Amino acid sequence: MKTLGIAFIGAGDIANLHAEAINELPGADLIGLWNRTAEKGVAKAKEYGCAVYASIDELLNDPKVDAVFILTNMETHCEYTLKAAAAGKHILVEKPAASNIAELERMHEAVKKAGVQCMPVHNYIYEPSIERAKAMIETGKLGAIVQFYMLYNIHHADEIRARYPGVIRQILTHHSYTMLYLAGEPKTVSCMMNTVDDTIAPQENVAMATIQMQNGTLSHLCASFANDDHAGDPWTCMIKVIGTKGSTRYSYRDFVINDRNGAHSQTYQCYPESIKNTAVHFINRVVRLGEAPLSSLEDAISCQQIIEACELSVKEGIHVKLK
């Protein structure tokens, strides 16, 4: 089995999980990384046991690198994807995959022209429970899908959430690609949002969207950085699909370690494992075998249409019809 060389563009907190996945995976080698802040890049490279590149061009010109992980801020994803595709590298790009639909369309055309694979980090759907739910839906075991729910309530301190977009882009993006994977294409979107205490971070920290799918299914998406849920059967991060013949439920609360993990007060083990599952799927199935990802750049475009519809619904106070 050929060892595949991987390099990181960006070395923020999320890179820790991707590095752990690669360093545990036979047939994959983390060659090196580039980070905008050189000092941090050196420290992370030492931690991961890899080299440091002086520039993105040096990274992309390295023949040992087969694929790059773009782990920078959303606003740079398009630029770096275009450069990586032109260099003939396969690409894993963190979510949101780009800032707008036009950027995603440019990325899609570039990777098609270059003949490389590009997979967005739509990590929730690389969980075994979600793949089981998908199989139950596709084989008709749940009957006709009537309702889809995805709920997220994990408190983020203001100084942490100030670094992120509002929850519509940061969290409802996850909800959108998961909904696309399990419930189908949306037809209309209605969204409301609120900012609880805008002293430090003015962006919204609570949002709810109600969506009707093309097949008639009704979806409810909820995201909050403003609070945890400590009630019985808490809605920390939960997905529920209800059909005419059965239903499924997935919850972060089923696998919890009492240890802080980044912005989370506890380690919800599903989250780090889903990131690592995504990296492994990309390397072993998409790059090595040439399989299509479970969620593609075309799906990222559909996600962005949902997100922009949510933003328009909030701004205008209207139901937004999608084409």
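Two strands count as paired if DSSP finds at least two bridges between them. Helices (H or I, at least four residues) and strands (E, at least two) are DSSP runs, numbered from the N terminus. The structure is a predicted model, in which local features need pLDDT of at least 70 and side-chain atom pairs count only at pLDDT 80 or more, while totals for chains, interfaces and linings use all residues. Residues are numbered from 1 along each chain as its sequence is written, and side-chain values use heavy atoms, with hydrogens and water left out.

**Exercise 1. The parallel sheet**

Task: State in which order the six strands of the open parallel sheet lie, and which strands stand at its edges.

Solution.
1. The order is β3-β2-β1-β4-β5-β6, and the pairing is parallel.
2. The edge strands are β3 (51–52) and β6 (118–120), each of which pairs on one side only.
3. Three bridges link β5 and β6 in the parallel sense. Within this pair, Leu92 has Met119 of β6 as its bridge partner.
4. Helix α2 (residues 38–48) lies across β1 (4–9), β2 (28–34) and β3, and runs at about 165° to β2. Such angles run from 0 to 180 degrees between N-to-C directions, the axes being lines fitted to C-alpha atoms, for helices over the stretch in contact.

**Exercise 2. The mixed sheet**

Task: Give the order of the seven strands in the open mixed sheet, and explain why one side of each edge strand lacks a neighbour.

Solution.
1. The strands follow the order β12-β11-β7-β10-β9-β8-β15, with mixed pairing.
2. β12 (247–251) and β15 (320–321) are the edges; each has a single partner strand, so one side of each is left without a neighbour in the sheet.
3. Helix α11 (residues 297–316) packs on this sheet and touches β8 (186–194), β9 (206–213) and β15; its direction makes about 55° with that of β8. Contact here means heavy atoms within 4.5 Å.
4. Strand β11 (residues 237–243) runs antiparallel to β12 and is joined to it by five bridges. Met238 stands opposite Ser251 in β12.
5. β8 and β9 are also antiparallel, with eight bridges between them; Met193 stands opposite Ala207 in β9.
6. β9 pairs with strand β10 (residues 218–224) over seven bridges in the antiparallel sense. The bridge partner of Met208 in β10 is Cys222.
7. The hairpin of β9 and β10 has four residues between the strands, and in it Gly216 takes a positive phi near 95°.

**Exercise 3. Backbone exceptions in loops**

Task: Locate Asp197 and Asp233, and decide whether each is buried, partly exposed or exposed.

Solution.
1. Most residues other than glycine have a negative phi, and most peptide bonds are trans.
2. Asp197, in the loop between β8 and β9, has a positive phi near 65°.
3. Asp233, in the loop between β10 and β11, has a positive phi near 50°.
4. Buried means under 20% relative accessible area, exposed over 50%, and partly exposed in between (1.4 Å probe, protein chains only). With 44%, Asp197 is partly exposed; Asp233, with 48%, is partly exposed.
5. A cis peptide bond joins Lys95 and Pro96, with omega about -15°. Pro96 belongs to the loop between β5 (90–93) and α5 (101–114).

**Exercise 4. The interior**

Task: Describe the largest nonpolar core, the contacts of Ser176 and the form of helix α10.

Solution.
1. A nonpolar core is a set of buried Ala, Val, Leu, Ile, Met, Phe, Trp, Tyr and Cys residues joined through side-chain atoms within 4.5 Å.
2. The largest has 74 residues; Phe8, Phe69, Phe148, Leu182, Phe282 and Ile283 have the most contacts inside it. Apart from it lies another core, of 29 residues, among them Val65, Ala84, Cys118 and Leu297.
3. Ser176 lies in helix α9 (residues 172–183) and counts as buried, at 0% relative accessibility. Beyond its neighbours within four places in sequence, Ser176 contacts Leu221, Cys303, Ile306 and Ile307.
4. Helix α10 (residues 270–287) has 18 residues and spans 24 Å from its first C-alpha to its last, close to the expected 26 Å. The expected span is 1.5 Å times one less than the number of residues.
5. α10 bends by about 30° at His281, the bend being the angle between axes fitted to the seven residues ending there and the seven starting there. The buried residues of α10 include His281, Phe282 and Ile283.
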